[in-house]
Amino acid sequence: KWKSWKLTTKNGLQLLIPPNYANGHLCLSNECVFHYKLSYTGNYVDAKDQITLKWNDPKIGIKWPIENPILSDRDKSAKLIL
């Protein structure tokens, strides 16, 4: 399952993602500043051990409002869910 929210300077929304939940971000403007914090529970997973999901994996079925996003190197190398 997936859910989406639009966070803007006007609506002032913030989002808390619980540990062990996947999350993705899409900037809908030419520029954006995105800050996030991680809670430390004594078992932080280092970046090399994290799982990256392919942004357009059909098994997840997220309806992104974009067809050709600019992706980070990490996101470009993501694999489909088996």
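Asn 43 is exposed in this predicted model, because its relative accessible area is 54% and a residue counts as exposed when that value is over 50%. Along the chain, Asn 43 is found in the segment before helix H1, the helix that covers residues 73-76. Asn 43 can also be placed relative to Gly 12: the two residues are 31 residues apart in sequence, and their C-alpha atoms are 30 Å apart in space.

Two further residues can be set beside Asn 43. Leu 13 lies in the segment before H1, and His 25 is likewise found in the segment before H1. Leu 13 counts as partly exposed because its relative accessibility is 43%, a value in between the cut-offs of 20% for buried and 50% for exposed. His 25 is partly exposed as well, with a relative accessible area of 48%. The table puts these values side by side.

| Residue | Relative accessible area | Class |
|---|---|---|
| Asn 43 | 54% | exposed |
| Leu 13 | 43% | partly exposed |
| His 25 | 48% | partly exposed |

Which residues does His 25 touch, if residues up to four places away in sequence are not counted? The answer is Phe 34 and Trp 64. The C-alpha atom of His 25 is separated by 13 Å from that of Thr 8, and these two residues are 17 residues apart along the chain.

Phe 34, which is touched by His 25, also helps to make a nonpolar surface patch of about 1,100 Å². Leu 13 belongs to this patch too, together with Trp 5, Leu 7, Leu 15, Ile 17, Tyr 21, Tyr 36, Leu 38 and Tyr 44.

The protein chain as a whole can now be described. Its secondary structure comes to one helix and zero strands, and buried residues make up 5% of its 82 residues. Along its principal axes, the C-alpha trace of the chain spans about 35 × 30 × 25 Å. The accessible surface of the chain comes to about 8,200 Å², and 55% of this surface belongs to carbon and sulfur atoms.

Contacts and charges complete the description. If one takes the contacts in the chain between residues at least 6 apart in sequence, 46% of them join residues that are at least 24 apart. The protein chain carries 12 positive and 7 negative charges, and the mean positions of these two groups are 8 Å apart.

Definitions and conventions. Residues numbered from 1 in each chain as written. Predicted model: local features only at pLDDT ≥ 70, side-chain atom pairs only at ≥ 80, totals over all residues. Heavy atoms only, no water. Helix = DSSP H or I, 4+ residues; strand = E, 2+ residues; numbered from the N terminus. Buried < 20%, exposed > 50% of the residue type's maximum accessible area, 1.4 Å probe, protein only. Contact = heavy atoms within 4.5 Å. Areas by Shrake-Rupley, 256 points an atom, 1.4 Å probe, with all protein chains shown as cover. Lys, Arg positive; Asp, Glu negative; His and termini not counted. Charge placed at Lys NZ, Arg CZ, Asp CG, Glu CD. Patch = residues over 30% accessible without salt bridge, like charges linked within 9 Å, V, L, I, M, F, W, Y side chains within 5 Å. Salt bridge = Lys/Arg side-chain N within 4 Å of Asp/Glu carboxyl O.
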